Amino acid sequence: MKHRVWATLVLLTVSIGLTVIHSRLVAEMIPNAPVENFRIPMFNEEGYRSWDLRGAKGTYVDGTHVDVIDMKMRVFSGDEENKLLTEITSPTATVLIAENKAIGRNTILISNKDYRITGQHWTWDGNNDSFAIEGDVVVTFFEGIGDILK
């Protein structure tokens, strides 16, 4: 009887150990393995959603960045209102998750209720919610900008 109990405990321990190892392997992202139709929400230090990233295809390159095809990013207020501030789309992008940045060589469309910006060769810095766009920039305002052009 002691041997059966002992054998059962050993088998149970081994089973639990294998389950934990399997779970860790499944949970780890595999470099250069594409994921289709994905969504990654990002939260700030206070626990509020700051932005989310979606794409038709994402490739986890390493612990620092993800290459995205058909990128759609939404930037939120990062507070309890969870207000959508800006939507960003681009055919391709590299997202530097740890740095809270994204870069792309193709076109970008940045839009919100007040404006729409398009261009090429761009960088988004989520740390200060800023964009740098190097080429073919077109800005359309949906509200009046006053007399600043006089």
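Is Thr123 buried, partly exposed or exposed? With a relative accessible area of 29%, Thr123 is partly exposed, because the partly exposed class lies between 20% and 50%. The legends below describe close-up views of a predicted model.

**View 1. Overview of the chain and its elements.**
The predicted model has one helix and seven strands. Read from the N terminus, the order of elements is α-β-β-β-β-β-β-β. The chain has 150 residues, of which 25% are buried. Of the contacts between residues at least 6 apart in sequence, 35% join residues at least 24 apart.

**View 2. Surroundings of Thr123 in strand β6.**
Thr123 belongs to strand β6. Leaving out residues up to four places away in sequence, Thr123 touches Ala102, Ile103, Ser130, Phe131 and Ala132. The C-alpha atoms of Thr123 and Ala93 are 9.4 Å apart, while 30 residues separate the two in sequence.

**View 3. Antiparallel pairing of strands β2, β3 and β4.**
Strand β3 (residues 66-76) pairs with β2 in the antiparallel sense, over eight bridges. The two strands form a hairpin, with five residues between them. Within this pairing, Arg54 has Lys72 of β3 as its bridge partner. Strand β4 (residues 84-96) also runs antiparallel to β3, and ten bridges join the two. Here the bridge partner of Arg74 is Glu87 in β4.

**View 4. Arg49 and its side-chain partners.**
Arg49 is found in strand β2, which spans residues 49-60. Its relative accessible area is 19%, so Arg49 counts as buried, the limit being under 20%. The side chain of Arg49 makes a polar contact of 3.5 Å with the side chain of Asp52. A polar contact of 3.4 Å joins the side chain of Arg49 to that of Asn82. The charged end of Arg49 also sits over the ring of Phe76, at 3.7 Å from the ring centre. Beyond four places in sequence, the residues touched by Arg49 are Arg39, Met42, Phe43, Arg74, Phe76, Gly78 and Asn82. Asn82 and Phe76 therefore appear in the contact list of Arg49, where the side chain of Asn82 is joined by the polar contact and the ring of Phe76 lies under the charged end.

**View 5. The aromatic pair Trp51 and Trp124.**
The count of aromatic pairs is one. Trp51 and Trp124 form this pair in an edge-to-face arrangement, with 5.6 Å from centre to centre and 80° between the planes. The pair links distant parts of the chain, since Trp51 lies in strand β2 and Trp124 in strand β6 (residues 115-125), 73 residues apart. Trp51 is buried, with a relative accessible area of 4%, and Trp124 is buried at 1%. Apart from neighbours within four places in sequence, Trp51 is in contact with Ile40, Pro41, Met42, Met73, Arg74, Val75, Phe76, Val95, Asn100 and Trp124.

**View 6. The largest nonpolar core.**
The largest nonpolar core holds 19 residues. Trp51, Leu53, Met71, Met73, Ile88 and Trp124 are the members that touch the most other members. Strands β1 (34-43), β2, β3, β4, β5 (101-111) and β6 each supply at least two residues of this core. Strand β3 gives the largest share, with five residues. In soluble globular proteins, nonpolar side chains tend to be buried together.

**View 7. Two loop residues with positive phi.**
Most residues other than glycine have a negative phi. Asn82 is not a glycine, yet has a positive phi of about 55°. The position of Asn82 is in the loop between β3 and β4. At 30% relative accessibility, Asn82 is partly exposed. Asp129 likewise is not a glycine and has a positive phi, of about 50°. This residue, Asp129, lies in the loop between β6 and β7 (130-141). Asp129 is partly exposed, at 37% relative accessibility.

Key:
Residues are numbered from 1 along each chain as its sequence is written. This is a predicted model: local features need pLDDT of at least 70, side-chain atom pairs count only at pLDDT 80 or more; totals for chains, interfaces and linings use all residues. Side-chain values use heavy atoms; hydrogens and water are left out. Helices (H or I, at least four residues) and strands (E, at least two) are DSSP runs, numbered from the N terminus. Buried means under 20% relative accessible area, exposed over 50%, partly exposed in between (1.4 Å probe, protein chains only). A polar contact is a pair of N or O atoms within 3.5 Å; within protein, one must be able to donate a hydrogen and the other to accept it, and residues adjacent in sequence count only if both atoms are side-chain atoms. Contact means heavy atoms within 4.5 Å. Rings of Phe, Tyr and Trp (its six-membered ring) pair if their centres lie within 6.5 Å; planes under 30 degrees apart count as stacked, over 60 as edge-to-face and the rest as tilted. A charge sits over a ring if NZ of Lys or CZ of Arg is within 6 Å of the ring centre and within 35 degrees of the ring normal. Two strands pair if DSSP finds at least two bridges between them. A nonpolar core is a set of buried Ala, Val, Leu, Ile, Met, Phe, Trp, Tyr and Cys residues joined through side-chain atoms within 4.5 Å.
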